[in-house]
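I'm opening my notebook on this one and jotting down what I look up as I go. Here is the entry.

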Amino acid sequence: MKWMLVVLVGGMTPVNTDLVFDKFADCLAAEEQMRKHYTDAFEVWDRWAAANIERRREYSKMRDLQAKRLLSNIGTCVPHAGGDTIAPQQPSN
């Protein structure tokens, strides 16, 4: 069985990545790598914001929005048919 990585944007909206793996473990590793990239991007933004946003209140609000935007995207591995399609059967008369 093949596995496809699907990203849930905002934790809800599925987006097909077209990344297909032969092994479930490989798919999980790709999901973990994706999550790490989002975490790294948030940390880079957070360091920049802490140095450049003067008002603490604005920084706090913007940090919450940025965290929601970046960190609420999650990946999941779903079974993939691998291109094997089965044509629907026509009812016989």
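**Asn-73 and its side chain.** I started with Asn-73, whose side chain reaches the backbone nitrogen of Gly-10 at 2.8 Å. I should write down right away that this is a predicted model. The side chain of Asn-73 also reaches the backbone oxygen of Arg-69, at 3.3 Å. Where is Asn-73 placed? I found Asn-73 in the loop between helix H2 (56-71) and S3. Next I asked myself whether Asn-73 is buried or exposed. Asn-73 has 10% relative accessibility, so I put it down as buried, the cut-off for that being under 20%. Then I listed what Asn-73 touches, skipping residues up to four places away in sequence: Val-7, Leu-8, Val-9, Gly-10, Met-34 and Tyr-38.

**The overall layout.** I stepped back to get my bearings. I counted two helices and three strands in the protein chain. Reading from the N terminus, I get the order β-β-α-α-β. Of the 93 residues in the protein chain, 25% are buried. I also looked at contacts between residues at least 6 apart in sequence, and 58% of these join residues at least 24 apart. For the surface, I noted that the chain exposes about 7300 Å², with carbon and sulfur atoms supplying 55% of that.

**The sheet.** In what order do the three strands sit in the sheet? I wrote down S2-S1-S3, in an open sheet with antiparallel pairing. S2 and S3 are the edge strands, since each of them pairs on one side only. From one strand to the next, the twist averages 30 degrees. A reminder to myself from class: strands of a sheet pair through backbone hydrogen bonds, in a parallel or an antiparallel way. Then I checked how S1 (residues 2-9) is joined to S2, and I got seven bridges, with the two strands running antiparallel. One pairing I noted is Met-4, whose bridge partner in S2 is Val-20.

**Thr-17.** I stayed in strand S2 (residues 13-21), where Thr-17 lies. Thr-17 has 25% relative accessibility, so I logged it as partly exposed. Which backbone atom does the side chain of Thr-17 reach? The side chain gets to the backbone oxygen of Leu-5, at 2.4 Å. Leaving out neighbours within four places in sequence, I see Thr-17 in contact with Leu-5, Val-6 and Val-7. I also checked Thr-17 against Met-4: they are 13 residues apart in sequence, and their C-alpha atoms are 7.7 Å apart.

**Asp-18.** Asp-18 is in strand S2 too, and its backbone caught my eye. Its phi is near 60 degrees, which is a positive value in a residue other than glycine. My notes say that most residues other than glycine have a negative phi. Asp-18 has a relative accessible area of 61%, so I marked it as exposed.

**The disulfide.** How many disulfides does the structure hold? I found one. Cys-27 and Cys-77 form it, with their sulfur atoms 2.2 Å apart. Cys-27 sits in helix H1 (residues 24-52) and Cys-77 in strand S3 (residues 74-80), so the pair ties together parts that are 50 residues apart in sequence. Is this disulfide left-handed or right-handed? The torsion about the S-S bond is about -105 degrees, so I wrote left-handed. Last check for today: both Cys-27 and Cys-77 are buried.

Methods
Residues numbered from 1 in each chain as written. Predicted model: local features only at pLDDT ≥ 70, side-chain atom pairs only at ≥ 80, totals over all residues. Heavy atoms only, no water. Helix = DSSP H or I, 4+ residues; strand = E, 2+ residues; numbered from the N terminus. Buried < 20%, exposed > 50% of the residue type's maximum accessible area, 1.4 Å probe, protein only. Contact = heavy atoms within 4.5 Å. Polar contact = N/O pair within 3.5 Å; in protein donor to acceptor, adjacent residues only side chain to side chain. Disulfide = S-S within 2.5 Å. Pairing = 2+ DSSP bridges. Axes fitted to C-alpha atoms, helices over the stretch in contact; angles between N-to-C directions. Areas by Shrake-Rupley, 256 points an atom, 1.4 Å probe, with all protein chains shown as cover.
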